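Trainee: I would like a close look at one part of this model, please. Take me through it step by step.

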Amino acid sequence: MKVIAFNGSPRPKGNTARMIREVFGVLEEAGVRTELISLAGKPLPGCTACGDCAMTKDGRCSIAGDDLNDYVVKMIEADGILLASPTYFSDVTAEMKALIDRAGLVVRMSGDLLKRKVGAAVVVARRAGSIHAFDTLNHFFLINQMIVCGSSYWNVGFGLEEEQVARDDEAMATMRTLGHNMAWLLKKLRG
Ligand SMILES: Cc1cc2nc3c(=O)[nH]c(=O)nc-3n(C[C@H](O)[C@H](O)[C@H](O)COP(=O)(O)O)c2cc1C
């Protein structure tokens, strides 16, 4: 069993990465393989609404020159998908939104390729707007007929400077519980 995580932060060693690491620690202890993809520093333009994926239905986006199609393959191969983003103006980052729009349309047009995989959202904020970003991530899972996994609180942590979220004890505990719940759910569904 495998979980793939996408970090939408432009800071690959920031708070979002720290939150993902906490979830991964528990998943790995439970025997679930993990892989992290950071969207930082890689071009990922938004959907151009060309409609090609609706015509070809081949699980591919026709925009060339970026890694979107590799990301889609990684999602299809995984049993669970973690989407993690900092809060930017009360929503996800532009990189994460591009991933959601393009991967979301491609997999839906090709027959709901992510159906019944496990999905979990993780968000970091300095102060406010995290729940709106959390909702954005969960919309991706829900329209794709995925099973959304929760924790003991909404999957949110607080911090501004890199790694500051590690001092948010409740957030760290919430991440560990998320890891336990994801491992449990994956074993029920796929074990
Ligand atoms: C452009 C921009 C917009 C931001 N908007 C918000 C916001 O709306 N609410 C908030 O609490 N923090 C906001 N922040 C702070 C980040 O969410 C916070 O620093 C977070 O820890 C960054 O995660 P990272 O370390 O993984 O990059 C913003 C930061 C930037 C650069």
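How are H1 and H6 oriented to each other: roughly parallel, roughly perpendicular or oblique?

Mentor: Keep in mind that the model is predicted. Helix H1 covers residues 15-29, and helix H6 covers residues 169-190. Where the two pack, their axes lie 8 Å apart and form an angle of about 40 degrees. Angles under 35 degrees count as roughly parallel, and those from 65 to 115 as roughly perpendicular. H1 and H6 are therefore oblique to each other. Their crossing is right-handed.

Next, the residues that meet. From H1 come Met19, Glu22, Val23, Gly25, Val26 and Leu27. On the H6 side they face Ala171, Met172, Met175, Arg176, Leu178, Gly179, His180, Met182 and Ala183. Sorted by class, this contact of H1 with H6 holds 10 nonpolar, three polar and two charged residues.

H1 also has a part in the surroundings of the ligand. The shell there consists of 19 residues, and the closest are Ser9, Gly14, Thr16, Pro86 and Ala125. At least two residues of this shell come from H1, and at least two from strand E4, which spans 118-125. By class, the shell has seven nonpolar, eight polar and four charged residues.

For a second helix pair, look at H3 (residues 68-77) and H4 (residues 94-109), whose axes are 10 Å apart at an angle of about 60 degrees. Their crossing is right-handed. Leu68, Tyr71, Val72 and Met75 of H3 touch Leu99, Arg102, Ala103, Val106 and Val107 of H4. Eight residues of that contact are nonpolar, none is polar and one is charged.

Terms used: Residues are numbered from 1 along each chain as its sequence is written. This is a predicted model: local features need pLDDT of at least 70, side-chain atom pairs count only at pLDDT 80 or more; totals for chains, interfaces and linings use all residues. A residue is near a molecule or strand if its C-beta atom, placed from the backbone, lies within 6 Å of it. Helices (H or I, at least four residues) and strands (E, at least two) are DSSP runs, numbered from the N terminus. Ala, Val, Leu, Ile, Met, Phe, Trp, Tyr, Cys and Pro count as nonpolar, Asp, Glu, Lys and Arg as charged, and the others, Gly among them, as polar. Axes are lines fitted to C-alpha atoms, for helices over the stretch in contact, and angles run from 0 to 180 degrees between N-to-C directions. Angles under 35 degrees count as roughly parallel, over 145 as roughly antiparallel, 65 to 115 as roughly perpendicular and the rest as oblique. A crossing is left-handed if the near helix is turned anticlockwise from the far one by less than a right angle, and right-handed if clockwise. Two residues are in contact if their C-beta atoms, placed from the backbone, lie within 7 Å.
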